[in-house]
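This report describes the fold of one protein chain, from the overall picture down to the pairing of its strands. The sequence and structure come next.

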Amino acid sequence: LADFDAIVTKMLDRVDGLQGQPTGLRIYTYVSRAEEFDVLRANGALFVAWDRFLGADHPLYAEESAYLRQRHDPHRIYSALAAALYEPASTGGGLLLDEMLRKGKQLLFIQTVLSEEDVYRYLTYTAEQREFAASNERALWETLVRERWLFDSRADLKRKLIEVAPFSKLGSERDQEIPGQIGAWFGWRIMQAYWKEHPELSLWEVLESSPKSAELLQQANFRP
């Protein structure tokens, strides 16, 4: 992470340009002694837990499950910082689609201030998982629609499809191959489609002034 300062400065400059004013944020690194938080935000500053990004094979994380160890990739530190810069508020709707789009907005922000690659690092998707999601996007989406899960408010659906997990549970024979957080990934894809349909909007208008979830989905013209 020799380029840490340069990459973070470039990211913050990008954020400043997008919002038209400086963030004024200060960034500090510290040793957390393996606390669960990657980045903390308080009083105009971000506090980055350096020992959360020592690499998946570091002995400090030996007791963690393999899928959780991937979150300690040193290069994931930048997307973790970006995620801390923008955490969309809950719409209060309670539907799976609401949470998908909330997470999708955060991923779109990460993509815009960093890169698409950083989004996949944030999700900890391997090259094989990325390929699986892309190749099976239509079939996976059809399952969500067919089962009427998008407008379902059951907490177990959010746990199976949104939260960090080794895989996503759609009740298929291939569940073990479906990357975790596939609902968040779809939320990102929908937000990308929405912005593409409305190129006249700024990032902040897309993130903060977009319509309610059902209307946004319709206006996104999302067709995997």
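## Burial and overall form

Of the 224 residues of the protein chain in this predicted model, 45% count as buried. The exposed surface of the protein chain comes to about 11900 Å², and carbon and sulfur atoms supply 47% of that area.

The protein chain holds 11 helices and 3 strands. From the N terminus on, the order of the elements is α-β-β-β-α-α-α-α-α-α-α-α-α-α. The radius of gyration is 18 Å, close to the 17 Å that the globule rule gives for 224 residues, so the protein chain is as compact as a globular protein of that length. Its C-alpha trace spans about 45 × 45 × 30 Å along the principal axes.

Among contacts in the protein chain with a separation of 6 or more, 56% are between residues 24 or more positions apart. The protein chain carries 27 positive and 34 negative charges, whose mean positions are 4 Å apart.

## The strands

Strand 3 (residues 45-49) pairs with both strand 1 and strand 2.

| Strand paired with strand 3 | Sense | Bridges | Bridge partners, one pair |
|---|---|---|---|
| Strand 1 (residues 26-30) | parallel | 5 bridges | arginine 26 and alanine 45 |
| Strand 2 (residues 39-42) | antiparallel | 4 bridges | valine 39 and valine 48 |

Strand 2 and strand 3 form a hairpin with 2 residues between them. In that turn, asparagine 43 has a positive phi of about 50 degrees.

Is strand 3 largely enclosed or open? In strand 3, 4 of the 5 residues are buried, so this strand is largely enclosed by the rest of the structure.

Conventions. Residues numbered from 1 in each chain as written. Predicted model: local features only at pLDDT ≥ 70, side-chain atom pairs only at ≥ 80, totals over all residues. Heavy atoms only, no water. Rg over C-alpha atoms; globule rule 2.2 N^0.38 Å. Buried < 20%, exposed > 50% of the residue type's maximum accessible area, 1.4 Å probe, protein only. Contact = heavy atoms within 4.5 Å. Areas by Shrake-Rupley, 256 points an atom, 1.4 Å probe, with all protein chains shown as cover. Lys, Arg positive; Asp, Glu negative; His and termini not counted. Charge placed at Lys NZ, Arg CZ, Asp CG, Glu CD. Pairing = 2+ DSSP bridges.
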